[in-house]
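Hello,

Here is the structure we talked about passing on. Please open it first, then read my notes below.

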Amino acid sequence: VRGLSPSKQILHENGDNTLIFEARFESGNLQKVVKVNEFEYQLTLRTDLYTSKYTQWYYFQVSNTQAGMPYRFTIVNFSKANSLYKRGMRPLLYSEADAKKHNVGWRRTGNEIKYYRNSAGRGGRQYFSLTWTFQFPHNRDTCYFAHCYPYTYSNLQDYLVSISKDPVKSKFCKIHVLCHSLARNIVYVLTITNPHEGDKDTKRKAVILTARVHPGETNSSWIMKGFLDYILGNSGNAQVLRDNFVFKVIPMLNPDGVIVGNHRCSLAGQDLNRKYKSNLKEFYPSIWYTRNMIKRVMEERDIILYCDLHGHNRKKNVFVYGCERKQQAKAPTLHPRVFPLLLSKICPDKFSFPDCRFKVQKSKEGTGRVVMWKMGISNSYTLEAS
């Protein structure tokens with residue numbers, strides 16, 4: 001997008017222990033680094049492209065490391081006043097040496113973690129800092145730091161290729177092109193259901209699942225992967241679900257934002273999860289085509305559930321936002337609290353019913369959840385995970 005390719009930074013002399021930072025890779029985000037002293041660095045994140053805000057997602061590489069030394073990193077331009085970093089969350093570290101020698105992947109790291117209001121700001125907005133201390137595990141290692149476990153567009157493509165090459169899964173999971181994004185990346189849609197005989201198929205109700213409308217919420221992609229692993233598996237439950245339902249799945253609604261390392265927006269510089277009422281097909285293609293696909297499905301069969309997967313930066317647990325009218329229908333299948341209540345009974349250690357909300361706020365009227373509910377899908381949810 002910016003026409004840049006990584007250039008190798010050259011150290012001035014052999015004894016120079018300055019860390020080398022790089023973020024010009026898929027999903028990377030880091031704009032600037034200032035060396036404060038030998039082991040302390042001040043970092044600035046890049047805003048979402050074509051906006052002046054949404055600094056939350058970070059993902060960058062560090063090389064020329066020294067093991068066992070007390071480093072301190074401070075990111076100085078977060079935009080949210082509150083954060084789970086105040087409640088025990090820690091940054092993620094990946095060491096290439098540990099991955100190679102010990103098969104260790106991403107892990108939480110950091111001590112003396114503080115998230116606080118600083119004296120900086122821009123355009124009337126206040127900035128917040130995240131600071132932490134840590135030690136690199138190896139000398140001359142290449143390491144990565146991230147806000148949440150990265151899941152790139154390439155990761156998704158590799159996963160879909162593995163499904164298409166699987167002789168069993170490819171029989172009941174069809175992968176199609178929903179549309180192309182502004183940067184001409186493919187937005188995929190999966191149709192998952194067991195082959196049927198005769199007209200049985202029309203009796204099958206539909207389930208719609210979407211994820212990654214907000215690029216920085218990578219946990220939504222891991223939840224989506226978990227769902228797909230399960231529904232494409234050979235367990236008895238997965239077979240029953242595929243026999244009885246047609247699943248329409250869009251695993252990545254905003255591939256452009258994911259690729260460039262945005263936190264919230266597309267290349268139109270807009271939050272796509274506020275654009276479900278829009279008819280601007282050329283600006284928000286994935287949203288326009290998703291809504292149209294759902295309208296077509298509704299003409300063929302009942303949609304029993306719509307759920308858009310998200311990640312939450314300020315609240316713990318897994319929970320949903322649903323929609324209900326003041327005078328809710330008597331039929332229990334139409335009651336939006338039933339599905340989340342079942343989830344909380346099935347996995348009480350993860351899913352929190354008390355954190356769920358069902359009020360439709362005016363500011364959320366352009367979201368997928370509210371628009372699908374107004375189109376007639378009673379069980380219409382946003383699923384949030386910390």
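Keep in mind that this is a predicted model. I looked at two things: cysteines and nonpolar cores.

Cysteines first. How many disulfides does a search of the whole structure find? Zero. A disulfide needs two cysteine sulfur atoms within 2.5 Å. The sulfur of Cys173 does not get there, because the closest cysteine sulfur, in Cys179, is 18 Å away, too far for a bond. Cys265 fails too, because its sulfur is 18 Å from the closest cysteine sulfur, again in Cys179. Are these two residues buried or exposed? Cys173 is buried, at a relative accessible area of 4%. Cys265 is also buried, at 1%.

Now the cores. The largest nonpolar core has 35 residues. Those with the most contacts inside it are Leu190, Ile192, Met224, Phe227, Leu228, Leu232 and Val249. Helices and strands both feed this core with two or more residues per element. The helices are H2 (153-165) and H4 (219-231). The strands are S12 (186-192), S13 (205-211), S14 (245-250), S15 (303-311), S16 (318-321) and S17 (380-385). H2 gives the largest share, five residues.

Take a look at Met224. Leaving aside residues up to four places away in sequence, Met224 touches Leu209, Thr210, Ala211, Val249, Ile250, Pro251 and Leu309.

There is also a second core, separate from the one above. It has 27 residues, among them Phe39, Phe78, Tyr115 and Leu130.

Best wishes

Conventions:
Residues numbered from 1 in each chain as written. Predicted model: local features only at pLDDT ≥ 70, side-chain atom pairs only at ≥ 80, totals over all residues. Heavy atoms only, no water. Buried < 20%, exposed > 50% of the residue type's maximum accessible area, 1.4 Å probe, protein only. Core = buried A, V, L, I, M, F, W, Y, C linked by side-chain atoms within 4.5 Å. Helix = DSSP H or I, 4+ residues; strand = E, 2+ residues; numbered from the N terminus. Contact = heavy atoms within 4.5 Å.
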